[in-house]
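Reader: Hey, can we go through this one together? I'd like to start with the core and then look at the rings and the empty spaces.

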Amino acid sequence: MILTEFLTIAVLHFLAVVSPGPDYAVVTRYSISEGRRVGRWVAVGIGCGILLHVAYSLLGVTLIIHRYTSVYLTLLAVGAAYLGWLGWGAIQARAREPLPIDAAPPEGDTSPRKAFWIGFMTNGLNVKATLFFLAIFSTVIAPQTATLVKAGYGLYMAVATGVWFVTLATLITWQPFYRWLWRFSHWIDRAMGLALLAFSAHLIWTLLQILTGSESTPVVS
């Protein structure tokens, strides 16, 4: 049973993590604009952000989030504000000076700590991730599965997420590819900013739909 659970979780997690979302947009934006080191630290933060979702899923907090509309709406509002703030900063990117022929990709000034927290908060405030983990822990994982095993599943998803986005940051900043991307980097920044603003707008729309009664909160009984 554990092997079946694990394989199911691994497949579902893979499909979720490779689909475009705020995490993808943030890693792409910071890798291109500030280099491999910053991009990797953002990726590590995103991976660790998974542990936040795992922790409150193990503690049953996901049930509280979806049982009380006010808590869910607060998360939607905070998540929308954070993604909107990141997106607004990204769309203001300006054209950059061309790289010298033999120059390595530049490294940004963002500290590892700040880059880590950008990634961590992006994932931690991702309401869609909350829904994903609620579904995993309430439907895929059997109630009789030991808590230690559940924690192991969560650790796997955190590590796999971090590895995926570190790999993405590494590939994006591979020097021949990066030098080509650099010419369009400010446009890519702006595109990622628009994507983040779109994610933010979607969360705001969902919030308004719930407030007006047009959409119901995904309540768990």
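Author: Sure. Of the 30 residues in the largest nonpolar core, the ones touching the most other members are Val26, Val27, Tyr30, Val42, Leu76, Leu86 and Phe165. A nonpolar core here is a set of buried Ala, Val, Leu, Ile, Met, Phe, Trp, Tyr and Cys residues joined through side-chain atoms within 4.5 Å. This is a predicted model, so local features need pLDDT of at least 70, side-chain atom pairs count only at pLDDT 80 or more, and totals for chains, interfaces and linings use all residues. Residues are numbered from 1 along each chain as its sequence is written, and side-chain values use heavy atoms, with hydrogens and water left out.

Reader: Which helices supply at least two residues of this core?

Author: H2, helix H3 (36-58), H5, H6, H8 and H10 do. H5 provides the largest share, 7 residues. Helices (H or I, at least four residues) and strands (E, at least two) are DSSP runs, numbered from the N terminus.

Reader: OK, rings next. How many aromatic pairs are there?

Author: The count is 5. Rings of Phe, Tyr and Trp (its six-membered ring) pair if their centres lie within 6.5 Å; planes under 30 degrees apart are stacked, over 60 edge-to-face, and the rest tilted. One of the pairs is Phe6 with Tyr156, edge-to-face at 4.9 Å centre to centre and 65° between the planes. That pair links distant parts of the chain, since Phe6 is in helix H1 (residues 2-18) and Tyr156 is in helix H8 (residues 147-172), 150 residues apart.

Reader: Are Phe6 and Tyr156 buried or exposed?

Author: Phe6 is partly exposed, at 28% relative accessible area, and Tyr156 is partly exposed too, at 30%. Buried means under 20% relative accessible area, exposed over 50%, and partly exposed in between (1.4 Å probe, protein chains only).

Reader: And why does the Phe116 and Phe120 pair count as stacked?

Author: Their ring centres are 6.0 Å apart and their planes sit at 20°, so the pair is stacked. Both lie in helix H6 (residues 112-124), 4 residues apart, about one turn of the helix. Phe116 is buried at 19%, and Phe120 is buried at 16%.

Reader: Which residues do ring pairs link into a cluster?

Author: Phe6, Tyr153 and Tyr156. There's also a charge over a ring: Arg29 lies over the face of Tyr30, 4.7 Å from the ring centre. The rule for that is NZ of Lys or CZ of Arg within 6 Å of the ring centre and within 35 degrees of the ring normal.

Reader: Switching to empty space. What is the volume of the largest pocket?

Author: About 410 Å³. Of the 22 residues lining that pocket, Ala16, Asp23, Asn126, Lys128 and Ala129 are the closest to its centre. On a 1 Å grid over the protein atoms alone, a pocket is an open set with protein on both sides within 12 Å along at least five of seven lines, a cavity is a set of points where a 1.4 Å probe fits but cannot get out, and lining residues have an atom within 4 Å of a point. H7 gives the most to the pocket lining, with 4 residues.

Reader: And what lines the largest cavity?

Author: Tyr72, Leu76, Val127, Lys128, Leu131, Leu203 and Thr206. The volume of the largest cavity is about 30 Å³.

Technical notes: Points joined across faces, edges and corners; volume = space filled by probe spheres on them.
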